[in-house]
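I opened this notebook to keep track of what I looked up, entry by entry. The topics are aromatic rings, charged side chains and the ligand.

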Amino acid sequence: MYWMYALIILSLLALYYFQDGSQSKETDWSDFEKAALAGDFDKIAVMASNGTAEGILTQQGAKNQKFDMSPTFSGEKKLITTIPSSDKIQDKIDAWNSQLAAAGKPEIKVVYEKSSDLMKFFWYFGPLILIVGFMLYMSRRMSSGAGGGGIFNVGKSKAMVFDKDNGTNVTFEDVAGLSEAKVEIEEIVEFLKNPQRYTDLGAKIPKGALLVGPPGTGKTLLAKAVAGEASVPFLSMSGSDFVEMFVGVGAARVRDLFKQAKEKAPCIVFIDEIDAVGRARGRNPNMGSNDERENTLNQMLTEMDGFQSNNGVICLAATNRADMLDKALLRPGRFDRQIYVDLPELSDREAIFKVHLRNIKVNSKLDVEQLARQTQGFSGADIANVCNEAALIAARNNKKSVDWDDFMAAIDRIVGGLEKKSRIITDDEKKAIATHEAGHATVTWMIQYGNPLVKVTIVPRGRALGAAWYAPEERQIIPTQALLDTMCGLLAGRAAEEVFLGQIGTGASDDLEKCTKIARSLVLVYGMSDKLPNLNYNDSSGQDMGFTRPYSEETAQIIDDEIKRIINEQYERAKSILKEYARQHNEIRDQLIEHEVIYHDDVERILGPRKWVSRTDEIIALNKKQEEEEKRAKALGIGTDADKLPEPQAVANDDDDDDTPPPFAPRK
Ligand code: ATP
C-alpha cells in the first residue's frame, strides 16, 4: 500500500507542477508576426539553440489570441513559433518595434535564453526521475531489512553466523538449572564434534531438536550457550525473518539458509520462535489461511528431511507453542527430539538466582534459598528481572549492598505493580479491605492445602487494594481436596465481608473469577464432580473451533448446577471457619488496620502453628537429608547407593508391563 500512496502523491505533485496556470500555443511564423505587429506581445524570448521563439502575451494580447482567461489559468500565456533564421531575428524585431512606435504602441522587449533543452528535459522527465528514484530508495530500504544489498537479495536469509572466532560469550555455566535439557543439548554438540563415536555403532545423528516451554524459561539462552560452546558454526535466525510481503521470499530464504548451512557443515541452525512459520497448515488453503507461510513451511519440511541429504546440519528450534506446530514438522527425522524447558523448580530457581546475583553486590546474610521459595511460578526471565529491580531499589535508597528487603520490594513490585501511596482510602474502606484480607489469611491458615502465607497487606498496589501473599506449593499432582481448598481460600474474602460487615463489596471480583474458573475445570476438565465423574469436555489439541458443544442441553444444565453447588459449598465452608475463628480473624484485621502489613510470624502468633507441613518444607528436608547422607558417605570413603548397583547385563529384558523388576538391573 505504501507504493500506492507514494505514486498518488507523486502524480499529484506532477499535476501541480504541470498545471502552474501557464498556457502556450504553437503557431506559424506569419501569425506570430501578425500578433507582434498588433502589439499583443510584451516580451519575446528567443531560444537560439533550438531555433524557437516564445512571445509572452500581454493581457489584451492573450484575449486577442483567444486564450482561456479564467482564474485557473492565471499564469503566463505565450505563443511559440519556429524562427526562420536566428541571425536575422533581431533585425525582424527591430523592424516590428519601429512600426509599433510609429503606431504609438509599446515596444517589445527581447531576451535570449540558453540551454533550454536541459530545462525542457527536466521539465518533461523530472517527475519520472523522481518516481524511479523514490522506488529504488524504497526497494533498497525494504531489502536492507531482509538480508541487505538491494532488492535482488530479498530472498537471501539473514542468519547471524557465530563461529570459533565470532562466538557469543554465553556458556552452559550461564544457564542455571535445566539439567535434563542441558544434557540433551550438550549431547547434540557432542554429536557434531565426534560423530564417529555414534556412527560406528550404526546410530544416526539426530536431525533436530525442538525446545518447547513457557516464555522466559531460557530456551534462547540455551541456544546461545550452544553457539558459545560448540566449536562448529552456528546460524541463528528468527521465525519471523522468513516472513516477507513478497510471495516466495520465505521459501527462498529457507533454501538459502540451508544452502549456507550445508556449505558450513558440520554446523547448527537455530530458528527462534519457529511458530511464526511452522504453524499447522490449514485444510482449505483458500479459506483465509496464509498461502505464503505454507510455502515457507513446505520448503522447510523438504530441506529438513527431503531428497537432498543435509548431513552434519543439526536444526535447533524454540517455541512457546508446540501444540500449534504442524505435525509433519514434529515427526522424527525432522525434529527427532522435543526438549521441554519448564518453569524452574525450587532448586533451579535458587541456581538461577545465583547466576544473576554474580554481578550484584548483595548483603552477605541474604538467604538465596528463601528467595527461591518466594518466587514460585517465576520464570528465569522474571528472576533476572527481580535481581535487577532489587539492585535498582537499593541504589535508589543509597545502600552499599542489596539486601532482603530490596528483593522483597522488587518481588512485590513485579507481582503486584507499583505501590499507590497517593490513593486516598477512608476508614470504612480500610476496615472493609482489612476484613477481606484477614478472611483470606485466616481460612487459608486453617485448611490443609492452603498455601503457606508470606504476608498480608492493605497497601494498594497496581489495581489491587490489598493482598494476602502466599508462597504457592509446587505440586506435581493436585488432589481434588487441594482444588476445593484453594477455592475455599479464594472465597474467604467475600465470606468475611458477609460475616463481619453484613454487606458485600466489589473487591472480590478477581477472587470470584479465579474461583469460578477452578470450579469449571474441576467439572469440565478433571472429571472430579459427583454428578459428572470421569468426563473431560476439554479439547487440548486446540482443533475445536468452539462452534458446537460436545454435550447435550441436559448435561449443560448439570454442569451449571455442579459448578454452583461446588462454589456454594466452599463459600459456606469458608463462612463456618470464619465464624469458628472470629476472634482471631478480628485480631488479624485490627493488626492490619494498625500496621498495614503483617507477616507470617504475626499470623502464626494469633492462629497458632499450622497443622500441616508444607510440601516445599518436605522437599527441602528431603534434599537436605540426601545431601547429608552423601557427605557422610564421602567422609567414610564409601560410594553412594548408585555406585553399589551391579553392572547391568548386556541384554536386559526390561518389559515395562511386567511389575516384577528384573533381578540383574534394579531400578533406582
Ligand atoms: P521466549 O520463549 O519468550 O523467547 P525464552 O525461553 O527464549 O523466552 P530467554 O530469552 O532464553 O527465554 O530468557 C530470557 C532471559 O531470562 C535470559 O536472558 C536470562 O537472563 C534469563 N534466564 C532464563 N532462564 C535462565 C536460566 N535457566 N538461567 C539463567 N538465566 C535465565
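Entry 1, a buried ring. I began with F32, which is buried, its relative accessible area being 0%. The model I am reading is a predicted one.

Entry 2, ring pairs. I looked up the aromatic pairs and found a count of seven. I then took the pair of W29 and F32: the ring centres are 5.9 Å apart and the planes stand at 20°, so I noted the pair as stacked. The cut-off I applied for stacking is planes under 30 degrees apart. W29 and F32 are three residues apart in helix α2 (residues 29-37), about one helical turn. I checked the accessibility of W29 and F32 and noted both as buried.

Next I followed F32 to a second partner, W96. The pair of F32 and W96 is tilted, with 6.4 Å from centre to centre and 55° between the planes. F32 belongs to helix α2 and W96 to helix α4 (residues 89-102), so this pair ties together parts that lie 64 residues apart in sequence. Is W96 buried or exposed? I found a relative accessibility of 1%, so W96 counts as buried.

I then asked which residues the ring pairs link into a cluster. I wrote down W29, F32, F41 and W96.

Entry 3, a charge over a ring. I looked at K25 and found its charged end over the ring of F67, at 4.5 Å from the ring centre.

Entry 4, salt bridges. How many salt bridges does the structure hold? I noted 27, and I picked out a few to read.

In helix α2 I found D31 and K34, which are three residues apart, about one turn of the helix. Their side chains meet in a salt bridge, 3.7 Å from N to O. D31 is partly exposed at a relative accessible area of 36%, while K34 is exposed at 58%.

In helix α13 (residues 346-357) I looked up K354 and E350, four residues apart and separated by about one helical turn. K354 and E350 form a salt bridge whose closest N and O atoms are 3.3 Å apart. I noted K354 as partly exposed, with a relative accessible area of 47%.

In helix α21 (residues 582-595) I read R583 and E587, again four residues apart, about one helical turn. Their side chains meet in a salt bridge of 3.6 Å, N to O. R583 is exposed, at 58% relative accessible area, and E587 is partly exposed, at 30%.

I also found a network of salt bridges that links D530, E562, R565 and E569.

Entry 5, the ligand. I asked which residues are closest to the ligand. The ligand is surrounded by 18 residues, and the closest are A176, K219, T220, L221 and N320.

I went on to three contacts with oxygen atoms of the ligand. For G218, a backbone N or O atom lies 3.1 Å from a ligand oxygen. For E273, an N or O atom in the side chain is 2.8 Å from a ligand oxygen. For N320, a polar side-chain atom lies 2.7 Å from a ligand oxygen.

Last, I looked up how much of the ligand is covered. On its own the ligand has 630 Å² of accessible area, and the protein covers 79% of this. The elements that give two or more residues to the shell around the ligand are α8 (219-229), α13 and α15 (380-396). I had already met α13 through the salt bridge of K354 and E350.

Key. Residues are numbered from 1 along each chain as its sequence is written. This is a predicted model: local features need pLDDT of at least 70, side-chain atom pairs count only at pLDDT 80 or more; totals for chains, interfaces and linings use all residues. Side-chain values use heavy atoms; hydrogens and water are left out. Rings of Phe, Tyr and Trp (its six-membered ring) pair if their centres lie within 6.5 Å; planes under 30 degrees apart count as stacked, over 60 as edge-to-face and the rest as tilted. Buried means under 20% relative accessible area, exposed over 50%, partly exposed in between (1.4 Å probe, protein chains only). A charge sits over a ring if NZ of Lys or CZ of Arg is within 6 Å of the ring centre and within 35 degrees of the ring normal. A residue is near a molecule or strand if one of its heavy atoms lies within 4 Å of it. A polar contact is a pair of N or O atoms within 3.5 Å; within protein, one must be able to donate a hydrogen and the other to accept it, and residues adjacent in sequence count only if both atoms are side-chain atoms. Accessible areas come from the Shrake-Rupley method with a 1.4 Å probe; for residues, only the protein chains shown count as cover.
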